[in-house]
Amino acid sequence: PLFAAAETSARSAAQISAPAAAAIAPETGQGAELEMERWFLSLLPGGGFEPYLPALRREFSSLPQLAAGYLEPTSSTASLVARVDPIIFEALEMNRLGHRLALAKGIVALRAGDGSGNV
């Protein structure tokens, strides 16, 4: 998988705060994959993320792995999209800005310990 090769440059799942880790459990196995898919699809309630599911399944196995793509904000990362490692969007073949923003909001919320996707 594309992301697995680039994961060493991303934040490790161990760096996710304890509240965030609790919000995104379970961490491994088929349960984790199903939880990740439910969370992912909930980010765009009207639908639209379904075409990304094959890439999501291929590239990521859990929410902590996906959340590891969070980048700490700097003075040059004012936008939420810039707070997510671009390799995440590339791995999912996600080109639409609105979709990237929805995913970025979700990843930022995961990092904050709120799995809802609300920032």
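**An all-helix pattern and its core**

Read from one end of the sequence to the other, the chain runs α-α-α-α-α-α-α. That makes 7 helices and 0 strands, taken as DSSP runs numbered from the N terminus (helices: H or I, at least four residues; strands: E, at least two). This is a predicted model, in which local features need pLDDT of at least 70 and side-chain atom pairs count only at pLDDT 80 or more, while totals for chains, interfaces and linings use all residues. Residues are numbered from 1 along each chain as its sequence is written, and side-chain values use heavy atoms, with hydrogens and water left out.

Of the 119 residues in the chain, 42% are buried (under 20% relative accessible area, 1.4 Å probe, protein chains only). Contacts (heavy atoms within 4.5 Å) often reach far along the chain: of those between residues at least 6 apart in sequence, 63% join residues at least 24 apart.

The largest nonpolar core (buried Ala, Val, Leu, Ile, Met, Phe, Trp, Tyr and Cys joined through side-chain atoms within 4.5 Å) holds 28 residues, and Trp39, Phe40, Leu92 and Leu103 touch the most other members. Two or more residues each come from α3 (29-42), α4 (53-59), α5 (63-67), α6 (86-92) and α7, with α7 giving the most, 6 residues.

Helix α7 covers residues 97-112, and its end C-alpha atoms sit 22 Å apart, which agrees with the 22 Å that its 16 residues should span at 1.5 Å a residue (1.5 Å times one less than the number of residues). Its buried residues include His99, Ala102, Leu103 and Gly106. Beyond neighbours within four places in sequence, Leu103 contacts Trp39, Phe40, Leu43, Phe49, Ile88, Phe89, Leu92 and Met94. After α7 comes Gly113, with a positive phi near 95°.

Note on methods: Buried < 20%, exposed > 50% of the residue type's maximum accessible area, 1.4 Å probe, protein only.
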